[in-house]
Amino acid sequence: MTAPRSRPGRRAHNRSMSALVLQSDFGLDDGAVSAMYGVAVGVDPGLRIHDVTHNIPPYDIWEGSYRLAQVLSYWPEGTVFVSVVDPGVGSDRLSVVARTATGHLVVTPDNGTLTHLDAIFGITELREIDETRHRRPGSEESYTFHGRDIYAFTGARLAAGIASFEDVGPALDPAALVRLPIAEPELADGRVTGTIDTLDVRYGSLWTSIPRTLFAQLGVGPGDRVTVRVRHHDTVVHAAQVTYARSFAAVEVGESLLYVNSLDRMAIAINRGHYARAFSLGTGASWHVTLDPVR
Amino acid sequence: MTAPRSRPGRRAHNRSMSALVLQSDFGLDDGAVSAMYGVAVGVDPGLRIHDVTHNIPPYDIWEGSYRLAQVLSYWPEGTVFVSVVDPGVGSDRLSVVARTATGHLVVTPDNGTLTHLDAIFGITELREIDETRHRRPGSEESYTFHGRDIYAFTGARLAAGIASFEDVGPALDPAALVRLPIAEPELADGRVTGTIDTLDVRYGSLWTSIPRTLFAQLGVGPGDRVTVRVRHHDTVVHAAQVTYARSFAAVEVGESLLYVNSLDRMAIAINRGHYARAFSLGTGASWHVTLDPVR
Amino acid sequence: MTAPRSRPGRRAHNRSMSALVLQSDFGLDDGAVSAMYGVAVGVDPGLRIHDVTHNIPPYDIWEGSYRLAQVLSYWPEGTVFVSVVDPGVGSDRLSVVARTATGHLVVTPDNGTLTHLDAIFGITELREIDETRHRRPGSEESYTFHGRDIYAFTGARLAAGIASFEDVGPALDPAALVRLPIAEPELADGRVTGTIDTLDVRYGSLWTSIPRTLFAQLGVGPGDRVTVRVRHHDTVVHAAQVTYARSFAAVEVGESLLYVNSLDRMAIAINRGHYARAFSLGTGASWHVTLDPVR
């Protein structure tokens with residue numbers, strides 16, 4: 001059961017190494033993430049391995065998809081991501097490697113994890129992983145831990161330059177990707193409407209699906225007031241006036257604000273408070289938010 | 001108090017470097033783990049340092065022992081583990097380095113932490129750390145943080161190839177290791193009995209002590225039904241029929257299953273549920289589980 | 001939005017590389033920390049990046065200041081720390097790089113984060129970051145995430161040897177640093193008084209501001225008894241006799257002790273218990289503790 005000690009010889013000098021960045025819903029309380037790291041180190045002890053987060057809520061593909069989109073563009077071109085939120089492990093869902101328009105690679109089950117990357121950055125190429133050739137030696141009898149045996153192993157070989165994108169398996173049509181439904185934000189009647197996609201977890205800010213560029217069409221400037229209305233399904237559950245501000249420091253402690261988040265989208269927060277908890281608001285496709293300039 | 005900036009000279013090229021992998025019950029909320037990392041980086045800034053987990057419940061030696069066994073074989077031969085779950089720091093418990101039959105090294109207090117590694121993989125050699133020679137320079141007056149001053153320091157020097165296993169101190173007889181009591185799983189009357197050793201923390205699956213190979217003697221095949229009975233001390237606290245399946249995807253969402261986990265042992269789960277919480281089940285030597293094929 | 005793949009050419013061989021060590025109050029549940037890592041890897045893929053902790057309670061500058069002081073001296077000279085607890089992001093608070101008397105660099109907002117480093121180790125030089133020259137290319141329109149765009153970026157360039165301390169911007173007088181108020185521990189009438197500065201989070205030990213050297217003037221030896229009195233504002237909320245011990249193992253399980261912590265200061269704990277929770281004690285400037293030898 002022991003991986004051989006790797007011997008990076010002359011070949012190491014000819015390979016192009018990229019960072020390997022792991023994400024999962026495994027948490028950090030047991031050894032699951034460490035096993036993935038060990039497999040990657042066994043592929044090449046020189047690999048630089050980092051993380052998005054391993055605290056994706058269990059089975060929450062939407063959140064996994066979103067977090068990839070949150071970080072992708074801050075990592076250098078060529079970085080190889082591995083994302084394992086995989087409630088369907090052992091089913092006939094495919095294992096794929098996607099190449100984004102930004103030149104990053106993502107190794108993942110094809111279960112919707114690529115939804116936001118495709119919508120925001122674009123998936124330009126897609127390949128199915130040939131699991132007969134690309135799996136940890138000795139793992140043929142393992143059916144429940146593809147994160148370690150297939151995804152971490154394949155991601156490490158891509159990052160180490162041992163396997164190329166073209167090697168991993170047959171090309172697929174990116175149009176056939178499994179996608180989670182996402183509603184397009186809309187501008188109508190002088191206001192914009194979108195969904196609450198996720199939270200800035202620790203601070204409780206609402207991260208909406210509304211791009212700054214769409215909001216900009218309302219002609220609202222820093223310091224202007226905007227009415228925030230939140231509907232859960234068809235019921236208005238929250239309405240408040242907030243200030244559009246460049247930063248938290250532009251409003252008082254305890255005051256609410258509308259700002260542009262790190263994904264270049266509109267977000268709503270209480271300065272040093274927790275907006276979602278304060279007003280019992282949730283996230284997902286059933287939570288709609290409307291931004292309506294106060295005139 | 002400052003460590004000197006390391007100067008890896010020609011010697012670095014002649015040394016064999018291994019990964020250093022840390023585990024503790026320190027949590028990640030304060031600076032204790034970072035201090036261990038800093039000491040290791042001070043030994044050799046080129047070291048690759050990774051983790052098993054630092055969220056072992058405080059003082060829980062059993063869990064520390066188990067998590068090492070969960071990950072060991074996925075790391076390359078030669079990897080140096082440091083495990084610090086050390087309620088007896090400052091007592092006369094020994095500090096040791098163990099070599100496993102798989103060729104890994106483990107630096108740890110001799111307090112039971114090596115129990116599962118010995119039972120599953122075998123400890124072939126054991127040495128006591130000579131703490132007069134192997135401790136962080138300047139730490140002679142420190143009595144409460146051996147994790148940093150002795151274990152991380154010694155582990156880093158082993159991983160960096162600065163100290164060898166033979167250097168660390170006198171050889172001990174592996175038979176004299178402190179061992180936690182573990183009950184052998186048994187096959188009798190056409191059923192197997194073992195203990196609930198731990199949980200797959202985030203998903204709540206019961207990880208039993210029953211090896212796949214022992215269970216295989218019952219002749220149960222994928223799709224067959226098995227009765228799971230759990231006793232706490234001598235009382236049956238849970239009984240249910242579940243399906244033996246290769247993967248979670250083979251049963252419905254919300255359905256229970258018996259499967260082979262990443263340690264090649266039998267585990268019991270609810271697909272997308274939390275088995276332990278659903279039935280208020282615990283872990284440890286007082287929790288027995290019997291698998292009885294439905295005929 | 002994509003960072004260019006870095007091309008470390010001949011220049012890499014002439015640069016002196018140091019470890020980059022990150023701290024924040026971002027938590028590990030979303031992608032904020034990963035974005036900082038990505039920016040640093042984009043600066044130089046060869047950087048060794050580690051952490052203090054990212055679980056500083058949101059906006060808690062005191063805790064951020066304390067944790068830096070907890071770990072600093074265990075990292076090699078030259079290590080570059082980045083600490084982002086930044087409730088005033090977007091205000092006119094300065095961004096600075098400090099050099100400590102121990103030869104470490106710290107990149108941080110000047111909001112009190114350097115208080116304990118200055119008090120314990122001394123800040124010998126201070127420079128303001130010229131944010132027009134030292135920020136992630138493309139981040140000019142970002143006003144809310146200086147942790148990623150300015151601090152991680154600048155810290156990475158310092159650690160990689162691309163920028164020097166002298167490069168970052170104009171020198172400031174270290175005397176002008178923003179400092180949180182800290183009360184000096186006092187010896188009077190045969191007892192010492194200080195504050196409860198923080199907890200050893202997982203074990204609940206009280207970490208006081210009282211240095212071992214001050215306590216030593218009381219002439220108390222291992223095994224002697226000491227009365228611990230805790231006042232919250234002006235009310236005594238706790239009093240107990242404890243044993244002064246070199247290590248936890250010197251007292252029974254469940255017994256309280258006074259010991260020297262890893263910052264060389266006095267701390268109070270219950271062996272395998274949680275002192276702060278047991279007696280409902282808090283931390284900060286309003287929590288005073290007196291150590292009074294039993295005679």
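**Exercise 1. How much area is buried between chain B and chain A, and which three residues of chain B supply the most of chain B's part?**

Solution. Start with the total: chain B and chain A bury about 3,200 Å² between them, and carbon and sulfur atoms give 54% of that area. Next, look at who pays for it on the chain B side: B:Tyr74, B:Arg202 and B:Tyr203 supply 24% of the area that chain B buries against chain A, more than any other three residues. Keep in mind that you're working with a predicted model here.

**Exercise 2. How many residues does each chain bring to the contact of chain B and chain A, and how many salt bridges and polar contacts are found there?**

Solution. First, count heads: 35 residues come from chain B and 41 residues from chain A. Second, check for salt bridges, meaning a side-chain nitrogen of Lys or Arg within 4 Å of a carboxyl oxygen of Asp or Glu. The rule finds 0 of them across this interface. Third, try polar contacts: there are 12 residue pairs, with both partners at pLDDT 80 or more.

Now for the elements involved. On the side of chain B that touches chain A, β2 (49-51), α3 (61-71) and β13 (256-260) each supply at least two residues. Of the elements, α3(B) gives the most, with 3 residues. Finally, sort that side by class: you get 14 nonpolar, 13 polar and 8 charged residues.

**Exercise 3. Now do the chain B and chain C interface: how many residues are in contact, and what area is buried?**

Solution. Take the contacts to begin with: 41 residues of chain B touch 36 residues of chain C. Then the area: about 3,200 Å² is buried between these two chains, 54% of it on carbon and sulfur atoms. As for specific pairs, the salt bridge count is 0, while 13 residue pairs are in polar contact, both at pLDDT 80 or more.

Which helix stands out? Helix α2 (residues 32-43) of chain B gives the largest share of the side that touches chain C, namely 8 residues. By class, that side of chain B splits into 21 nonpolar, 13 polar and 7 charged residues.

**Exercise 4. What turn and what shift lay chain B on chain C, and how are the two copies related?**

Solution. Here's the idea to start from: two copies of a chain are related by a rotation about an axis and a shift along it. Laying chain B on chain C takes a turn of 120° and a shift of 0.0 Å along the axis, with an RMSD of 0.0 Å. The two copies are therefore related as by a three-fold rotation axis. Among the residues of chain B, B:Arg48 comes closest to that axis, with its C-alpha at 5.0 Å.

Do the copies' surfaces match up? No, they use different ones: 5% of the contact residues of chain B recur in chain C.**Exercise 5. Is helix α3 (residues 61-71) of chain C mostly covered or mostly uncovered?**

Solution. The cut-off you need is that buried means under 20% relative accessible area. With that, 11 of the 11 residues in this helix are buried, and α3 of chain C is mostly covered. The buried residues include C:Trp62, C:Tyr66 and C:Leu68, and C:Glu63 and C:Arg67 are also among them.

Terms used
Residues are numbered from 1 along each chain as its sequence is written. Chains are lettered from A and ligands numbered from 1 in the order in which they are written. This is a predicted model: local features need pLDDT of at least 70, side-chain atom pairs count only at pLDDT 80 or more; totals for chains, interfaces and linings use all residues. Side-chain values use heavy atoms; hydrogens and water are left out. Contact means heavy atoms within 4.5 Å. Buried area is the accessible area (1.4 Å probe) that two parts lose on being put together, summed over both. A polar contact is a pair of N or O atoms within 3.5 Å; within protein, one must be able to donate a hydrogen and the other to accept it, and residues adjacent in sequence count only if both atoms are side-chain atoms. Helices (H or I, at least four residues) and strands (E, at least two) are DSSP runs, numbered from the N terminus. Ala, Val, Leu, Ile, Met, Phe, Trp, Tyr, Cys and Pro count as nonpolar, Asp, Glu, Lys and Arg as charged, and the others, Gly among them, as polar. Copies are superposed by least squares on the C-alpha atoms of residues with pLDDT of at least 70 in both. Buried means under 20% relative accessible area, exposed over 50%, partly exposed in between (1.4 Å probe, protein chains only).
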